[in-house]
Amino acid sequence: MASAPVTVTITGAGGQIGYALLFRIAAGDMLGPDRPVRLRLLEIPQGMRAAEGAALELQDCAFPLLHDVELSDDPRVAFDGCAIALLVGARPRGPGMERADLLAANAGIFGPQGAAIGEVADDDVRAVVVGNPANTNALIAAAAAVPGVPADRFSALTRLDHNRAVGQLAVTLGVLPGALRGVAIWGNHSATQFPDVAHATVDGMPVPDALAERLGGREAALAWLDDVFIPRVAKRGAEIIEVRGSSSVASAANAAIEHVRDEQLGTGGATTSAAVVSRGEYGVPEGLVCSFPVTSDGEGYRIVEGLELDARSRARFEASVDELAAERDAVAALGVL
Ligand code: NDP
C-alpha cells in the first residue's frame, strides 16, 4: 500500500531558492521515491505571483509523488498539519541597514512563523531555517513555538558550508567527495564559522596526514588550511556572487534537501554538520542554535560529543559562538525572546 503523503511547507517559495527546491522535493529527492508529498507554499503578497507560477509548473511536471500544492500568505494556514518546514524566505540586508534592523525585521517574520508552527503543525514537526541570519532566525522561531513544539525540533542550515568544505578537500586531495568522512562546521553560518578537518579522514587516512603528503609537509598543510581552505569555505557565497553575478541558489537548495533527507532518513552512522539547539555541549551556552558535527538515526540530529579541539580550533569556535551570543543578546534587547 502507498504510504500517506507528508505535508511539507516552504516559506519564500516564490524566491530563487524556493524555485530550485520545489521540483526536487516533488520528484522525491528529499524523502525518497516512496513518500508522496503535499506542498504548502507560504509567501508574502509580493511573492505570491511567482509562487503561483511555480505551482503551475509543478502541475505541468505531473510528478507521481505530488499529491497537491496549496499557497497561502497566512502562516497558520501554510503550517497546518505540516511535518517538515523549510523556512527559506527572509528579509535581506538592505543598503545602509544596521544589524539590529536586520535582526528586528527577521524577528517579525520568524517569531510569527514559529508561533504558528507551535499551534498548528504536526506533533512531530521538524523545521530547518535557510533564510539568513539563519541560526538566530531559528532561535527566534524555536522560542516562539514553545510550548506547542519543543525547541529542539528547529535547526538551521550549515550543510552548504559542510558541502563546500568537502568539495574543496576533494579537489585538493584529488579524490571523489564520497571518500571524505568526518568534516565538521562549528559555530555560526557566517564568516566566523570554523570548518574543521582535524577528525576527518580520506579513504580511512587522517585528512591532516593526507594534506601534508599532498602539499609537501605539515607546515604547508597548516598554511593551506589557515590561508586558503577556511577563508574560501567561509567566503564562498561572495565568490559565487562575483563569478556568477547572482547568489548560490542550486547549491543552497541541494544542501537544504540533504539536511532534511539525512535528518528524516538517517546518516547511516556518518557525520555531517547542522546548526542545532545547544544543551551545553562543548561549552556552548544552552539554547544557542550552533553548528556542530552531527549524526541522525532518522529521529532528529544528535551532536557528536567527545571530540578533542586543540587551542587554535577552540579559539576559532569560541569566536563564532561569541557572535551567536551577541546576536541572541541583540534580539533579546528587542524584547523578542
Ligand atoms: P533567495 O531564495 O535567494 O534566498 C532566500 C534566503 O535564503 C535569503 O535570506 C538568503 O540569505 C538565504 N540563503 C541561505 N543560504 C544561502 C545561500 N547559500 N545563497 C543564497 N541565499 C542563501 O531569495 P529571494 O529574494 O529570491 O527569495 C526570497 C523570497 O522570500 C521572496 O519571494 C520573498 O517574497 C519571500 N519572503 C517570504 C516571507 C514569508 O513567507 N513570510 C518573508 C520574507 C520574504 P541572504 O539574504 O544572506 O542572501
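Modeller: Helices here are DSSP runs of H or I with at least four residues, strands are runs of E with at least two, and both are numbered from the N terminus. By that rule, proline 133 falls in the loop between strand S5 (126-129) and helix H5 (134-145). This is a predicted model, where local features need pLDDT of at least 70, side-chain atom pairs need 80 or more, and totals for chains, interfaces and linings use all residues. Residues are numbered from 1 along each chain as its sequence is written, and side-chain values use heavy atoms, leaving out hydrogens and water.

Biologist: What makes the peptide bond from asparagine 132 to proline 133 stand out?

Modeller: That bond is cis, with omega near -5°. Another cis bond joins valine 146 and proline 147, with omega about 10°, and proline 147 is in the loop between H5 and strand S6 (154-156).

Biologist: Asn132 turns up by the ligand too, right. Which residues are closest to the ligand, and how many surround it?

Modeller: 24 surround it, and Gln16, Ile17, Glu43, Asn132 and Ser248 are the closest. A residue counts if one of its heavy atoms lies within 4 Å.

Biologist: Why is the pair at serine 248 called a polar contact?

Modeller: The cut-off is a pair of N or O atoms within 3.5 Å. A ligand nitrogen is 2.8 Å from a polar backbone atom of serine 248, so the pair qualifies. The protein covers 77% of the 910 Å² of accessible area that the ligand has on its own (Shrake-Rupley, 1.4 Å probe).

Biologist: What does isoleucine 17 offer the ligand?

Modeller: A polar backbone atom, 2.9 Å from a ligand oxygen. At glutamine 113, a side-chain N or O atom is 3.2 Å from a ligand nitrogen.

Biologist: How do the residues of the shell divide?

Modeller: Into 10 nonpolar, 12 polar and two charged, with Gly counted as polar and Asp, Glu, Lys and Arg as charged. Helices H1 (16-27), H4 (99-120) and H6 (159-173) each supply at least two residues of that shell.

Conventions:
A polar contact is a pair of N or O atoms within 3.5 Å; within protein, one must be able to donate a hydrogen and the other to accept it, and residues adjacent in sequence count only if both atoms are side-chain atoms.
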